[in-house]
Amino acid sequence: MTTRTFICRCEDVTVKDCDAALQAGFETIEEIKRFTGMGTGPCQGRECMVPLCTLLRERGVPDADRLQPFTSRPPAAQISLGSLADGARISLTPSPTRAEDEGTP
Amino acid sequence: MSATASMGRRDAALPEAVDVAIVGGGVMGLATAYELSKRAPDLRVCVIESSYLVSGASGRNGGGVRSQWGDAGNVSIMRESLAICRGLAQTLRINLWFRRGGYLFLARSDATASRLARNIEVHRSVGAPTEQLTAREAKELVPELDVTGVHAATFNPEDGVVFPWPFVWGYASEASKRGVAIRTHTRVTGIEEATHASNVGYELALHTGESVWAQRVVNATGAWSPVLNEMLGIDLPNRPHRHEIISTEPLKPFLDPLVVDLDSGLYFSQSTRGEIVTGVTMHEVPGGEGGRVNLGTSLTFLERMASSLTAVLPLARALHPVRQWSGPYDISPDGDAIVGSSPGHPNIIQVCGFTGHGFMMAPAVGRLLAAYLHDGARHPMLERWRPERFALGQSRRHEDMIIG
């Protein structure tokens, strides 16, 4: 990888952008996502998470906790708002609450 | 902005003693820290954040910034905030993606339409240029709308949307350059009254085993604020309420205003990145609340949101959500913020209870709170926002334009 290699193709985030985030003091993937925008495009991290983790290992981020992927968000598969609106007429079934971020920040 | 400016670190050095410790590294705490560092450069100030800087409501909101309220005090404070936002990107040296496309409110009942008409008078009394529109005029403004059933609308061209994250980075880096210590990933586990060099103050115990003494402590933890308050026996009635939101795949720019369908509580805007950012009021939180922050997401919300949005914006039927998340509103029983000295603890300063509109008010609140902390200057809203009003039975509902 060079400094111009794209880590996230959806949002045009390069190795250089990720290095700037590390220099600014951000070390966790949640922070790097929010500082660079990586993982916020259509792939939602499916493509860019592994390259980012590889880069962080190369840069010596030591702690496995800090290599945790960011929280994955629904929906897991693509579905149009039209289908969801039509589905709402059939069922309004509550899904169970997810355990996301239970350790309240 | 320099690429290497620090925006808080987990290993930032904390002084043993400070004049002001701000607990909570959201936009409220950081705007206050920044304004304080400008106004009183010699004051020792630190910010302590339990997670990362945009982990709370500051990183989870829809980025709406509006002056259309039902109450003159709220209109005025938001006009202050919008005036600060106008030059803030230059001041903070970061792109805030501030885009003034206005806010368009739609009313689907006579009762809601007369509320909007009454609000226009309130807005004019404090100089806000809100206009009344017919349904047809609303459709001229946003041709993609289906205005069937819309009785009336209002539009204020000065309102807008922002991208919330860079606000937080900007305030953090500029505060940090001015000497504010910003410590992230560090939890406050205890707080008690303590003296230091014969000054009365508070000792904050941190989960790392460190401690910091502060003459005054600002509770800027928003929806998490009851946790710190309970440690001191401060009894305030604000509680978290979960709100969900989605972002869709991007479209080329077509939607200037943020649109609010006031009767369903639906709002949607197009971010500068092209996504539609949208949510809808859910009075009952799926999965329940329980008095603490709950960041789950639900299919119930997604379906209700999709039904409400596609009815008023039919082209959205073909759009795919890319991401659904949630954040807490910090609900105050009368809808007004809770700002100032705490009952029984005058040197614990609250800046909480903003009921879902804290982000947009933060530029003005940071400035007025810094003035109050520096020389006791009392902005007119501080009278209304007094924390003791609940215990004294002086709480009164002013505002009925709370969305989402």
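Axes here are lines fitted to C-alpha atoms, for helices over the stretch in contact, and angles run from 0 to 180 degrees between N-to-C directions. Keep in mind for every view that this is a predicted model.

**Figure 1. Helix 1 and helix 5 of chain B, packed together at about 35°.** In this close-up, helix 1 covers residues 27–39 of chain B and helix 5 covers residues 164–177, and their axes sit 9 Å apart. The crossing of these two chain B helices is left-handed. On the helix 1 side of chain B, the contact uses V27(B), L30(B), A31(B), A33(B), Y34(B) and S37(B). Helix 5 of chain B answers with F167(B), V168(B), Y171(B), A172(B), E174(B) and A175(B). Sorted by class, the residues in this contact between helix 1 and helix 5 of chain B come out as 10 nonpolar, 1 polar and 1 charged.

**Figure 2. Helix 1 and helix 2 of chain A, packed at about 120°.** Over in chain A, the pair is helix 1 (residues 15–23) and helix 2 (residues 29–36), with axes 10 Å apart. Angles of 65 to 115 degrees count as roughly perpendicular and those over 145 as roughly antiparallel, so helix 1 and helix 2 of chain A are oblique to each other. Helix 1 of chain A goes past helix 2 of chain A in a right-handed crossing. Helix 1 of chain A brings D17(A), C18(A) and A21(A) to the contact, while helix 2 of chain A brings I32(A), F35(A) and T36(A). By class, that makes 4 nonpolar, 1 polar and 1 charged residues in the contact of helix 1 with helix 2 of chain A.

**Figure 3. Two backbone spots in the loops of chain A, at Q44(A) and P75(A).** As background, most residues other than glycine have a negative phi, and most peptide bonds are trans. Q44(A) is not a glycine, yet its phi is positive, about 55°. You'll find Q44(A) in the loop between helix 2 and helix 3 of chain A. Q44(A) has 19 other C-beta atoms within 10 Å, and being buried takes 20 or more, so Q44(A) counts as partly exposed. The second spot is the peptide bond from P74(A) to P75(A), which is cis, with omega near -5°. P75(A) belongs to the loop that links helix 3 (49–58) with helix 4 (81–90) of chain A. For the wider setting, the elements of chain A run β-β-α-α-α-α from the N terminus on. Of the 105 residues in chain A, 33% are buried.

**Figure 4. T355(B), a loop residue of chain B with a positive phi.** T355(B) isn't a glycine, but its phi is near 55°. Its loop in chain B runs between strand 18 (345–352) and helix 8 (358–375). T355(B) has 20 other C-beta atoms within 10 Å, so T355(B) is buried.

**Figure 5. V285(B), a buried residue in a loop of chain B.** The loop holding V285(B) lies between strand 15 (276–279) and helix 7 (299–312) of chain B. Around V285(B) there are 20 other C-beta atoms within 10 Å. Leaving out residues up to four places away in sequence, V285(B) touches H241(B) and R242(B). S298(B) is 13 residues from V285(B) along the chain, and their C-alpha atoms are separated by 9.1 Å.

**Figure 6. V161(B), a strand residue of chain B, and the residues it touches.** V161(B) sits in strand 7 (residues 160–161) of chain B. It counts as buried, with 26 C-beta neighbours inside 10 Å. Not counting residues up to four places away in sequence, V161(B) touches G63(B), G64(B), V65(B), R99(B), G101(B), L258(B), S269(B) and S271(B). I22(B) is another story: it is 139 residues from V161(B) in sequence and 27 Å away in space, C-alpha to C-alpha.

**Figure 7. Chain B as the setting for the close-ups, with its 9 helices and 18 strands.** The radius of gyration of chain B is 21 Å, close to the 22 Å that the globule rule gives for 404 residues, so chain B is as compact as a globular protein of that length. Its C-alpha atoms fill a box of roughly 70 × 45 × 40 Å along the principal axes. Of its 404 residues, 54% count as buried. Take the contacts in chain B between residues at least 6 apart in sequence: 77% of them join residues at least 24 apart.

Technical notes
Residues numbered from 1 in each chain as written. Chains lettered and ligands numbered in written order. Predicted model: local features only at pLDDT ≥ 70, side-chain atom pairs only at ≥ 80, totals over all residues. Helix = DSSP H or I, 4+ residues; strand = E, 2+ residues; numbered from the N terminus. Parallel < 35°, antiparallel > 145°, perpendicular 65-115°, else oblique. Left-handed = near helix turned anticlockwise from the far one by under 90°. Contact = placed C-beta atoms within 7 Å. Nonpolar A, V, L, I, M, F, W, Y, C, P; charged D, E, K, R; others polar. Rg over C-alpha atoms; globule rule 2.2 N^0.38 Å. Buried ≥ 20, exposed ≤ 12 C-beta atoms within 10 Å, placed from the backbone.
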